[in-house]
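Here are my notes on the model, set out as numbered points. Please read them with the structure open beside you.

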Amino acid sequence: MAGKDIIMATQKELKRLHVIHKAIEGQITQAEAAKIARLSERQIRRIVKRIREEGDKGIIHKSRGRASNRSKPQKLKDGLIELYQQKYMGFGPTLAAEKISEQQGIYISDETLRLWLIEAGLWEKKRKGRTHRQWRQRKEHCGQMVQMDGSHHKWFEDRSSESVLMAYIDDATGRAYFRFYEYEGTIPAMDSFFRYIRKHGIPMSIYFDRHTTYKSTAKPTIQEEINGDEPLSEFGRALKELGVELIHAYSPQAKGRIERLFKALQDRLVKELRLRGISTIDEANKFLDSHYIKEFNRRFRIKAASNVNLHRPIPEGIDLKKILCIRTERTVRNDFTISHKGNLYQIEEVITNKKVIVEEHMDGKMIITNNGRSIKFQSILIRPEIESKEKKRKRRIPTSHTPSQDHPWRKTYRKTAAMKNNPPLEAVA
């Protein structure tokens, strides 16, 4: 059956498989593969042997889906958390682990206890101090690391308003790719990356600054704290799904190559646009694609230390537009409507899950999905008017009511009528 040939592998494993194949084919040594994949040479040899025996499925880790042999019983975890709250509240994980071992005779590593306390909300992860950084050599392989950033500048001088140049530069070769946009944000970043990988392939890692487009400012969840993960921006999430490693710089000096690229372009490209009378983003992008980028790289690109290109081809069957989009979770109201960016949308299908995902694609198209399936919806152009209490009172229809025979009103009415028909003798006189 065809289904037996399907391999369910993660993007991380596919990236490793790409490097292993380079080693098997003899394009790189196993020592280089170990360095690129950040594994030991012994592990690389084991993976190479397994892939040769089992095929590509040998890249999948054998312990996937199995419980850890070193996992602690839940009863022990709950007992230690309760003990910490009662006796060691405020202790650091290291000191608390020492005291628990000394006084209770229970050995638990300080790191395990730290993760348990973070999960229970009894401890906060401490930030490490900044480390000293120094000049580093270029990467050896093209595609091993690409630097990315956006430059706000008056690229068209006084002929137009300020715009942004989104740029990429390969760390090993200095090969550049850039494109103009109106602003620096998630959609321009995704669109430029989409165009870059269609042209050159998927790089192993991306190196960029801590702009909110690339690094989320959200507070990490308990699960992220336990796993040692950081909150991801939408652009970061898309890169992770494609198996690209995210590297954040803490200063402009750390990403010197991209900064020097912008310095060169702010001098050379500005003058080139002026000479050609280009004053719009569309005209400039056509010029970059047709002529300028190719000529720029021919002049400034250098040869990498290795001839092996580590850019990965885009996997077949993958829908890049479903990955490179902004996903927002929304709750469906009782009237099957959702609110998104100040607009109302009516869901036209019956759904059981109250949570839906709004996808904003690079081309401006919006899709709403429920459990991974696209659902029909329409925009509500006119919001329904909410009636005030005064309007409700005014439109209230009065109801008729017939009093009963013994109602006091009937007694008064009868007495008044009798007096009119039979007035007292004094009044007649």
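1. Let me begin with helix α7, residues 186-200, in what is a predicted model. With 15 residues at 1.5 Å a residue, α7 should span 21 Å, and its end C-alpha atoms are indeed 21 Å apart, so expectation and model agree.

2. How much of α7 is buried? Eleven of its 15 residues are, so the helix is largely enclosed by the rest of the structure. The buried set runs through I187, P188, A189, M190, D191, S192, F193 and F194, and then takes in Y196, I197 and H200. Just after the helix comes G201, with a positive phi of about 105 degrees.

3. Two of those buried α7 residues, F193 and Y196, also turn up among the aromatic contacts. Ring pairs join them with Y168, Y177, F208, Y214 and F235 in a cluster.

4. Over the whole structure, the search for aromatic pairs returns 16. One to look at is F287 with Y292: the ring centres are 5.6 Å apart and the planes lie at 40 degrees, so this pair is classed as tilted, the class between stacked (under 30 degrees) and edge-to-face (over 60). Both partners, F287 and Y292, are buried.

5. Next, the second largest pocket, which has a volume of about 660 Å³. The elements giving two or more residues to its lining are α1 (11-24), α2 (30-37) and β5 (245-248). Of these, α1 makes the largest contribution, with five residues.

6. What lines that pocket, by class? Twelve of the lining residues are charged, seven are nonpolar and six are polar. The lining has 25 residues in total, and those nearest the pocket centre are K15, I36, A37, R38 and E245.

7. Two of those central residues deserve a closer look. A37 sits in helix α2 and, at 15% relative accessibility, counts as buried because the cut-off is under 20%. A37 also lies 6.1 Å from R16, C-alpha to C-alpha, although the two are 21 residues apart in sequence.

8. The other one, R38, belongs to the loop between α2 and α3 (41-54). Is R38 buried or exposed? Its relative accessibility is 59%, so it counts as exposed, the cut-off being over 50%. Its backbone is worth checking too: phi of R38 is near 60 degrees, a positive value in a residue other than glycine.

9. F336 is a further residue other than glycine with a positive phi, again near 60 degrees. Where does F336 lie? Its place is the loop between β6 (326-331) and β7 (337-340). With a relative accessible area of 26%, F336 is partly exposed, because that value falls between the 20% and 50% cut-offs.

10. Finally, the cysteines. A disulfide is a covalent bond between the sulfur atoms of two cysteines. How many disulfides does a search of the whole structure find? The count is zero. As for accessibility, C142 is at 6% and so counts as buried, and C325, at 0%, counts as buried as well.

Note on methods: Residues are numbered from 1 along each chain as its sequence is written. This is a predicted model: local features need pLDDT of at least 70, side-chain atom pairs count only at pLDDT 80 or more; totals for chains, interfaces and linings use all residues. Side-chain values use heavy atoms; hydrogens and water are left out. Helices (H or I, at least four residues) and strands (E, at least two) are DSSP runs, numbered from the N terminus. The expected span of a helix is 1.5 Å times one less than its number of residues. Buried means under 20% relative accessible area, exposed over 50%, partly exposed in between (1.4 Å probe, protein chains only). A disulfide is a pair of cysteine sulfur atoms within 2.5 Å. On a 1 Å grid over the protein atoms alone, a cavity is a set of points where a 1.4 Å probe fits but cannot get out, and a pocket is an open set with protein on both sides within 12 Å along at least five of seven lines; lining residues have an atom within 4 Å of a point. Grid points are joined across faces, edges and corners, and a volume is the space filled by probe spheres set on the points. Ala, Val, Leu, Ile, Met, Phe, Trp, Tyr, Cys and Pro count as nonpolar, Asp, Glu, Lys and Arg as charged, and the others, Gly among them, as polar. Rings of Phe, Tyr and Trp (its six-membered ring) pair if their centres lie within 6.5 Å; planes under 30 degrees apart count as stacked, over 60 as edge-to-face and the rest as tilted.
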